[in-house]
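Me: I would like to go through this model by asking what stands behind each term, setting the values against the definitions.

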Amino acid sequence: MLAVTHWGRSLMNIKNSRSPSTVLWGYSRRDLCGVRTFFVKDNFLVSFCQELLDPAGNHRYNHYIAGNRNILKLDDRGIFQTLFPEGRSHELHRALLEGTQCMYCGFDPTADSLHVGHLLTIMALLHCQRGGHSVIALIGGATAKIGDPSGRSTERAAMNEDTILHNVSGIHRTLDDIFMNHEEIFWQQEKTALGNRKILNNADWYNKINLIDFLSSTGRHFRMGTMLGRQSVTTRLSKPEGMSFTEFCYQIFQAYDWLHLHNTEGCRIQVGGNDQTGNIVSGHELISRVQDVPVWGLTVPLITSTTGDKLGKTAGNAVWLNPSKTPPFELYQYFIRMPDSDMKKYLNLFTFFNDKVLSDILTKHNNKPENRYAQKKLAEEVTKLVHGKAGLLSAERCTEALFNGSAEKLAMLSDDELNDLFRNTPVTELYLDPGTTVFDVVMKAKCFSRAVDAERVIKAGGVYINHQRAEEGDYVLIPGQHILPNGITLIRIGKKNYYLVKWLETGTLGNTRR
Ligand SMILES: Nc1ncnc2c1ncn2[C@@H]1O[C@H](COP(=O)(O)OP(=O)(O)OP(=O)(O)O)[C@@H](O)[C@H]1O
Ligand SMILES: N[C@@H](Cc1ccc(O)cc1)C(=O)O
């Protein structure tokens, strides 16, 4: 948060916070904002003071503490991996404190949803917005047709226009939801305004550009030697399949996007996953050639699976952010299942908790790791950000209903939640005949193929109805206990073999899913 305090008191705080080994010095400057005095320590701006005239014509001073404006502090949370150009962090630092900057990140619509790997770049955008800067999430409606070769060993399959439009709309919805949830759930209590946000599509400018004009104006700034030297190119050229001319040109388009966003939105910072370094450097070089203004690239570390593969579409291990692909319950469970050793890192990356809260969570967790307190906090925060409060409630209800043995929560599940939760579970639709017993239902739901097996397992205590052990096979099913108010019966055989029965009203047609 950008803290605005009274000049005298804040200056005293700065003096008190001065450590003996560092020197605080200030310089004043008059610009469009009036006279401002900047305080610098170890080459980094810690605060600035602005002279204002109040309505009565008296001089007043507002003192701005660096606070969240300095997104480079996210380095402490492990969010950034590299800054480009190297050794110029103090310039970016100063630019972040002296004015509102604009940062963008691009996402090619190569699927109809984003995934957890993308969430880290989105977190970087959100932190930037929290610092009062503007952010742009750019959907690559045009670049998706070219196909980014970065980090890929083969060329992407070409996509038709309809698929791209479908994917663009899926990604747009997810980005919009996350920005909204962040504003409504995570920022409501804060006193300062979030920076502006935009979601753009690069098809909007490429569709208007003429090929010859583009090559003659933009293409001439790219040197073949440099392009051939990019890692994404050398890696592919060393493989027997090589790479197409289309893919080879990808770097030009991402570079031009940045130039376009710089010209139209004043965007001077690009962020991307670490595999995007080459493309970001291309953009930096292009802007430096044609505009000669400082711009900066930032990368975030790649989120990997437990086996060390980049989490994403290519590796086939994506955990999606679109609820129709990965329901809130599964996203929640993904974080609940994470190992203790990853908790510090992931809480830093995927939550907005400050240092004090993070350390309290970890202390509480370490006292009783078996309670998975840190995993629960992490899962709660991410689910709320991606799916809102309703998504979190649904995820918690499903968790209680499935893993914590709550028949009460099971009875509260909606049809959609039942479908999400039991999408890999055999479902049988049945009419309730009077006198139907436990034995009858397990046979009709095809939990066993032979009656003797059903009798044996029931007797051994291995059959559960709505989480309650079935004592006897010939107990008649009781509505409210065996048949829940939402018209279902959940049968479990042994530890984890589930079967779902949906009871039909008389007069409806039934069917069975296996
Ligand atoms: N696992 C990940 N960790 C961190 N950043 C990621 C991850 N996956 C994607 N990103 C970043 O998100 C942005 C958009 O990536 P992109 O649209 O290419 O998706 P992708 O999942 O990387 O694609 P694919 O898995 O098909 O290679 C890029 O900046 C990319 O580096
Ligand atoms: N090339 C990025 C996506 C992207 C697209 C256009 C851009 O301007 C920036 C980034 C990726 O595939 O991960």
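The questions and replies below take up the two ligands, an annotated domain and two backbone features.

Me: What makes a residue count here, and how are things numbered?
Reply: This is a predicted model, in which local features need pLDDT of at least 70 and side-chain atom pairs count only at pLDDT 80 or more, while totals for chains, interfaces and linings use all residues. Residues are numbered from 1 along each chain as its sequence is written, chains are lettered from A and ligands numbered from 1 in the order in which they are written, and side-chain values use heavy atoms, with hydrogens and water left out.

Me: Why is D275 said to make a polar contact with ligand 1?
Reply: A polar contact is a pair of N or O atoms within 3.5 Å (within protein, one must be able to donate a hydrogen and the other to accept it, and residues adjacent in sequence count only if both atoms are side-chain atoms). A polar side-chain atom of D275 is 2.5 Å from an oxygen atom of ligand 1, so the pair meets the cut-off. For H118, a polar side-chain atom lies 2.9 Å from an oxygen atom of ligand 1, and G273 brings a backbone N or O atom to 2.8 Å from an oxygen atom of this ligand. Taken alone, ligand 1 exposes 600 Å², of which the protein buries 96%; such areas come from the Shrake-Rupley method with a 1.4 Å probe, and for residues only the protein chains shown count as cover.

Me: What makes a residue part of the surroundings of ligand 1?
Reply: One of its heavy atoms must lie within 4 Å of the molecule. There are 20 residues around ligand 1, of which H115, D275, I303, K310 and L311 come nearest. The shell divides into five nonpolar, nine polar and six charged residues, where Ala, Val, Leu, Ile, Met, Phe, Trp, Tyr, Cys and Pro count as nonpolar, Asp, Glu, Lys and Arg as charged, and the others, Gly among them, as polar.

Me: Which polar contacts does ligand 2 make through side chains?
Reply: Q254 has a side-chain N or O atom 2.7 Å from a nitrogen atom of ligand 2, whereas polar side-chain atoms of D257 and Q276 lie 2.6 Å and 3.1 Å, respectively, from an oxygen atom of ligand 2. Taken alone, ligand 2 exposes 340 Å², and the protein buries 89% of that. Its shell holds four nonpolar, six polar and three charged residues.

Me: What does UniProt place at residues 417-501?
Reply: An unreviewed UniProt entry places there the feature "domain: Tyrosine--tRNA ligase SYY-like C-terminal"; UniProt positions are given in the numbering used here, feature names are shortened, and annotations may be inferred rather than shown by experiment. Over residues 417-501 the chain is 25% helix and 25% strand, with the end C-alpha atoms 15 Å apart; helices (H or I, at least four residues) and strands (E, at least two) are DSSP runs, numbered from the N terminus.

Me: How do you know that the bond between F84 and P85 is cis?
Reply: Omega is about -5° for the peptide bond joining F84 and P85, and P85 lies in the loop between strand 6 (82-84) and helix 2 (89-98).

Me: What is notable about phi at D292?
Reply: D292, although not a glycine, has a positive phi of about 55°, and lies in the loop between helix 12 (277-290) and strand 11 (296-300). Most residues other than glycine have a negative phi, and most peptide bonds are trans.
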